[in-house]
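Colleague: I would like a close look at one part of this model. Please start with that part, then set it in the whole.

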Amino acid sequence: MDCPILLVAEKGEISAKTGKLNLEGIFNDFNARKFPINIKGTPVIVRLVADPIEYNRTFTLKIELIDEDGHSLCTWSKKRTVPFLPNNRLVSIDQILGLPDCKISRPGSYQIVALVDGQIMASYPIEAFML
């Protein structure tokens, strides 16, 4: 399994009609006049790609926000199952989630990390700035 997409955006949706992933306002920065800032609900978009050998595999997708010191500030997780597709095709598994109640306490560098069954699949840099 691979994670070709991990990012933060203002808006993300999976089209019910086409299954396409639609994104708007991809960003890497949080700008604030004061800290701490609550980033609850910030959309995190993940696309995992699984090989046919992984059909019907159940796994735990976990997203963490990590600070500069390596501390986890918030965690979100969900059990998923790789669906079966005909003709041994690769499977894209999209997930859009809002971060849980999560505070960034000071300006600095942060990482959003995607894990599958505890293995790091991807990370996405975030910077928090004081205006």
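Modeller: Strands (E, at least two residues) and helices (H or I, at least four residues) are DSSP runs, numbered from the N terminus. Glutamate 24 is in strand β2, and I will build outwards from there. This is a predicted model, in which local features need pLDDT of at least 70 and side-chain atom pairs count only at pLDDT 80 or more, while totals for chains, interfaces and linings use all residues. Residues are numbered from 1 along each chain as its sequence is written, and side-chain values use heavy atoms, with hydrogens and water left out.

First, the surroundings of glutamate 24. Its relative accessibility is 46%, so glutamate 24 counts as partly exposed. That class lies between buried (under 20% relative accessible area) and exposed (over 50%), with a 1.4 Å probe and protein chains only. Contact means heavy atoms within 4.5 Å. Setting aside neighbours within four places in sequence, glutamate 24 is in contact with Ala9, Glu10 and Lys11. Lysine 11 also stands opposite glutamate 24 across the strands. Valine 8 is 16 residues from glutamate 24 in sequence, and their C-alpha atoms are 9.6 Å apart. The bridge partner of valine 8 in β2 is phenylalanine 27.

Next, the sheet. Strands of a sheet pair through backbone hydrogen bonds, either parallel or antiparallel. Here, two strands pair if DSSP finds at least two bridges between them. Four strands make an open sheet in the order β2-β1-β5-β8, with antiparallel pairing. β2 (21-27) and β8 (91-98) are the edge strands; each has a single partner, so one side of each lacks a neighbour in the sheet. From one strand to the next, the twist averages 45 degrees. That angle is taken between N-to-C directions, on a scale from 0 to 180 degrees, with axes as lines fitted to C-alpha atoms.

Now the pairs, one by one. β1 (residues 2-14) joins β2 over six antiparallel bridges. Their hairpin has six residues between the strands, and glycine 19 there takes a positive phi near 80 degrees. β1 also pairs with β5, antiparallel, over five bridges. In that pair, isoleucine 5 stands opposite arginine 47 of β5. β5 and β8 are antiparallel too, over eight bridges. Proline 43 has glycine 98 of β8 as its bridge partner.

β5 needs a closer word. Seven of the eight residues of this strand (residues 43-50) are buried, so β5 is largely enclosed by the rest of the structure. Another glutamate, number 54, lies in the loop between β5 and β6 (58-66). Glutamate 54 counts as buried because its relative accessibility is 10%. Not counting residues up to four places away in sequence, glutamate 54 touches Met1 and Val82.

Last, the whole. The protein has zero helices and 11 strands. Its C-alpha atoms fill a box of roughly 55 × 30 × 20 Å along the principal axes. Of the 131 residues, 40% are buried. Among contacts with a separation of 6 or more, 66% join residues 24 or more positions apart. About 7400 Å² is exposed, and carbon and sulfur atoms supply 49% of that area. These areas come from the Shrake-Rupley method with a 1.4 Å probe; for residues, only the protein chains shown count as cover.
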